[in-house]
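Visitor: Could you walk me through a protein model and the ligands in it?
Guide: Gladly. Take a look first.

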Amino acid sequence: MAYKRQIDRLPIPPKDATVHNVTCHYCIVGCGYKAYTWPRNKQGTPKENAFGIDLSEQQPADGTWIAPSMYNVVRQNGKDVHLVVVPDHDCVVNSGLGSIRGARMAENRPSYVTGTQQQRLGDPMVWRNGVWQPTSWDDALDLVARVTARVVTQGSEDDLVVSMFDHGGSAGGYENTWATGKLYFESMKIKNCRIHNRPAYNSEVHSSRDMGVDELNYAYKDYEVTDTIFVVGANPLETQTNLFLNHMVPGMRNGAKFIMVDPRRTVTINAAEQVAGKDNVLHLAINEGTDMVVLNAILTQIVDNGWIDREYVANNTFQNGEAQPLDDGHPAGLGSLDYAMESCRTTLAQAAEICGVAEADIAKAAEWIAKPKEDGTRRKCVSAYEKGIIWGNDNYRTIGAMVNISLATGNIGREGGGCCRLGGHQEGYYRPSDAHVGRPAQYIDQMLIRGGGKVHHVWACDHHKTTLNASEFKRVHKRRADMVKDAMDAAAGGSREQLVDAIVGAVNAGGLFVVDVDIIHSQIGQNAHVILPACEANEMNLTSMNGERRLRLSERYMDPYGNSKPDCLIAAGIAQKMERVLREMGRDAYADQFKGYDWETEEDAFMDGYHKGNPDVTYERLRAMGNNGVQEPVVGFSGGKLIGVERLYTDGQFTRHGREDKKALFCAAGWRGWQAPGKAREKANHRFWINNVRANIFWQNQFLDQENDFVQDRFPYPFIEMNADDMAELGIGAGDLVEIANENGATQGMAYPTDTAKRGHVAMVFGSPAGSQGNVVNPGVNELVLPDYKHTWGNIRKIANATPRVKSVTFKSKEYKPA
Ligand SMILES: Nc1nc2c(c(=O)[nH]1)N[C@H]1C(S)=C(S)[C@@H](COP(=O)(O)OP(=O)(O)OC[C@H]3O[C@@H](n4cnc5c(=O)[nH]c(N)nc54)[C@H](O)[C@@H]3O)O[C@H]1N2
Ligand SMILES: Nc1nc2c(c(=O)[nH]1)N[C@H]1C(S)=C(S)[C@@H](COP(=O)(O)OP(=O)(O)OC[C@H]3O[C@@H](n4cnc5c(=O)[nH]c(N)nc54)[C@H](O)[C@@H]3O)O[C@H]1N2
Ligand code: SF4
Ligand SMILES: [Mo]
């Protein structure tokens, strides 16, 4: 914010400023930016500058200009330099658009000069004498390796529990997923591990994959040439912002209709109405958790009206009844369309009853998706979904019901089609096989709560804010970690050997030794005994792919803060220490498994991992491909360019399930009510559904936002959208602090009156440091350990009047209403 920074003008990048390719490391969309850096004693002029435009003229809103949030002073090769990070007009992903998150990348950098993000960790820290003391990498990693090696050799590798990111963007990327994967899945065979966003090591979309369909199968430009955009359980204006603005909006302007399934009215629906006109937007505001029923009714309409794509179904999908029976690893049978219809068949009347929406609207959705045009040609439809059904009721069957519709209408592998996750982070998964983990995988949080595990390595996630059953998790994690802290305090002043003995004694008595790898001192980091400081994307080179599989290299333009390091080199450091310690222990054969980490840079990690599997791809070639990169899979290199694949399955060969016949399968998605244990009872016993959602302004659990005035002034406390009549009945005013409670725990936030909120529904922002919604989510998960975060019920009471900080908060509607 200009007024906050005391800035009324910004330096102009000179013509010879260094330019770096940047892929925004926040959301899945991966917008292209350009970072300009130049020495502090230089400036361009309005007419002579790096942008090559006349800055003395007023620039258009979508032109090239620098907001204060796009500027900072950062350290590069040991020197402080000016930094400007602006959206790239030539990137096909965002065409020069920024977002309220990405356009703050520069101000979210740690700076010794402007003082931003001074919360960033600069040194490894070890719990000593009752506090965290800074120390060297050598000292910190030695302790991690000694304790870990002792525990896994005394017992087994099952005593080591690992929480790790599996995504791209910051924390993640091909470099870092490879390094952690190599450490835990190749050097060791850790099976008690979980992913950053769910309590097990599994897929978010097992059913789509089992049906043969990879969940990122289209190109973003499919939205621009389609007839209908069908979105279920997502809010793309706020969560995949420039995918919505730069691809869905042009699609609607080209005539596409827009269907949204979400129990809540969102600003995405509001924006779609503004662009396409109300007549071309259909909001199916279903009862929470009933998506499968509405999807099945749409499919039934399509089948019964003869709107399926017969040729496509005959040629590309399995024909002979059941292909995969229902079993422990498959929560629904899979097979031919006819086979699936035996379970999916749902009338409009049945669906209207269960979902609480009009029969006519469901019929209309089916028409918009599949009813052939007047001239007999088929409609094209892009289908997209995200956390409203992934973290929803009966994950496996609901996502299966979604993919069923796209398959039946021939919309996968075709221009203007696709059935895709909208996505969360960018992707950057490249790891050795995880087959040893098994399916269903271990439910890690409950295992830790039961006292399982002795050492916990945590990489770039903060379960205190983002897991389910978080109240109980935090209570037990802290108790177990405190046992080790006490033992370490008692061993103060002793030798390393005595310290390790003390720690091992404490974990054998039920304690937990915690290592946290993060960029800040997080909430779960409060339980850590060793804290290892990582650096982010652009403080290192990082590769990842976006929601249309677009792979880019996001270049390093500044130094890691303090002594922080890329996650891949931290993993390598742990491996090297493990090798040395195990050799000292006389475990030569085991020590040998930790060889092969002699990487100097992140590029070495990339070459050791991703490059070996994809020999055409190198940093140099990616750099040359710039911000448009290449869409994976990379299938060749010719004429100086990497060759990619625009969309998957154009040949009608479905491969994700690994079946030899390469036929897609339909899912027998039979409805059975609430799937996760405890949900139905919780709903029956509480007044409010506690929907939990993301908001444009926040990135994830606010790990950087918590130190950003611009964000914290807007929402000093987590917002809880509420209906005004509900608020009046409970004596709650705008901005008052309220508590949400149920059997699982309690949390709090700020009441935000919302005129579109239904009675009995509230929507709380997830993951806030000042009130974790996960505190009230019960431990019940869907089959295959897929959490249903979205469906939680509780009671609400006022706990305090609006605080003075709330005085500057506006409670006006979040919807755009043209004058
Ligand atoms: N109730 C509820 N709970 C949910 C969800 C929901 O919808 N509702 N959604 C779930 C989903 S989809 C997600 S993705 C999760 C998110 O859950 P988390 O992954 O726990 O949350 P993040 O905010 O992404 O946490 C990132 C952590 O990594 C650190 N970090 C950032 N960059 C780096 C880096 O480069 N290296 C390292 N080592 N650390 C870094 C940050 O400081 C922060 O502490 O929450 C899940 N939980
Ligand atoms: N601004 C911003 N963008 C982000 C993120 C962020 O933190 N901030 N995080 C990124 C990450 S990691 C992820 S995973 C994605 C998530 O992206 P989204 O899935 O789009 O985001 P959410 O707000 O978690 O959930 C979407 C919608 O699900 C709805 N919902 C709740 N219950 C149901 C239900 O039963 N059925 C249906 N159909 N809908 C339901 C909610 O009302 C909400 O509007 O966002 C990514 N993008
Ligand atoms: S839409 Fe996503 S990727 Fe693009 S600038 Fe915003 S946060 Fe970054
Ligand atoms: Mo996510």
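The questions below go through the two ligand sites and the record's annotations.

Visitor: Before we start, what kind of model is this?
Guide: Keep the origin of the coordinates in mind. This model is predicted.

Visitor: How many residues surround ligand 2?
Guide: A residue counts here if one of its heavy atoms lies within 4 Å. Thr239, Asp262, Asp291, Phe698 and Lys790 come nearest. The whole shell around ligand 2 holds 33 residues.

Visitor: Which kind of residue in the shell around ligand 2 has a count of 14: nonpolar, polar or charged?
Guide: Sort the shell into three classes. Nine residues are nonpolar and 10 are charged. The 14 are polar.

Visitor: Which residue has a polar backbone atom 2.7 Å from an oxygen atom of ligand 2?
Guide: Three contacts help here. The side chain of Arg264 has a polar atom 2.8 Å from an oxygen atom of ligand 2. Asn235 uses a backbone N or O atom, at 2.9 Å. The 2.7 Å backbone contact belongs to Gln700.

Visitor: How much of the accessible area of ligand 2 does the protein cover?
Guide: Start with the ligand on its own. Ligand 2 then has 910 Å² of accessible area. The protein covers 99%.

Visitor: Which element gives the largest share of the shell around ligand 2?
Guide: α5 (236–239), α13 (387–390) and β25 (688–693) each give two or more residues. The largest share is three residues. They come from β25.

Visitor: Between which domains does ligand 2 lie?
Guide: Look at where the shell residues come from. Two domains both give residues, so ligand 2 lies between them. They are domain 3 (206–426) and domain 4 (679–806).

Visitor: What does UniProt list for residues 688–784?
Guide: The chain there is 13% helix and 33% strand. Its end C-alpha atoms are 28 Å apart. The unreviewed UniProt entry gives "domain: Molybdopterin dinucleotide-binding".

Visitor: Which residue has a side-chain N or O atom 3.1 Å from an oxygen atom of ligand 1?
Guide: Now turn to ligand 1, with 28 residues around it. Trp391 places a polar side-chain atom 3.2 Å from a nitrogen atom of ligand 1. Cys535 has a backbone N or O atom 3.2 Å from an oxygen atom of the ligand. The 3.1 Å contact is made by Gln700.

Visitor: How much of the accessible area of ligand 1 is covered?
Guide: On its own, ligand 1 has 910 Å² of accessible area. The share covered by the protein is 98%.

Conventions:
Residues are numbered from 1 along each chain as its sequence is written. Chains are lettered from A and ligands numbered from 1 in the order in which they are written. This is a predicted model: local features need pLDDT of at least 70, side-chain atom pairs count only at pLDDT 80 or more; totals for chains, interfaces and linings use all residues. Side-chain values use heavy atoms; hydrogens and water are left out. A polar contact is a pair of N or O atoms within 3.5 Å; within protein, one must be able to donate a hydrogen and the other to accept it, and residues adjacent in sequence count only if both atoms are side-chain atoms. Accessible areas come from the Shrake-Rupley method with a 1.4 Å probe; for residues, only the protein chains shown count as cover. Helices (H or I, at least four residues) and strands (E, at least two) are DSSP runs, numbered from the N terminus. Ala, Val, Leu, Ile, Met, Phe, Trp, Tyr, Cys and Pro count as nonpolar, Asp, Glu, Lys and Arg as charged, and the others, Gly among them, as polar. Domain bounds come from an automatic or database domain assignment. UniProt positions are given in the numbering used here, feature names are shortened, and annotations may be inferred rather than shown by experiment.
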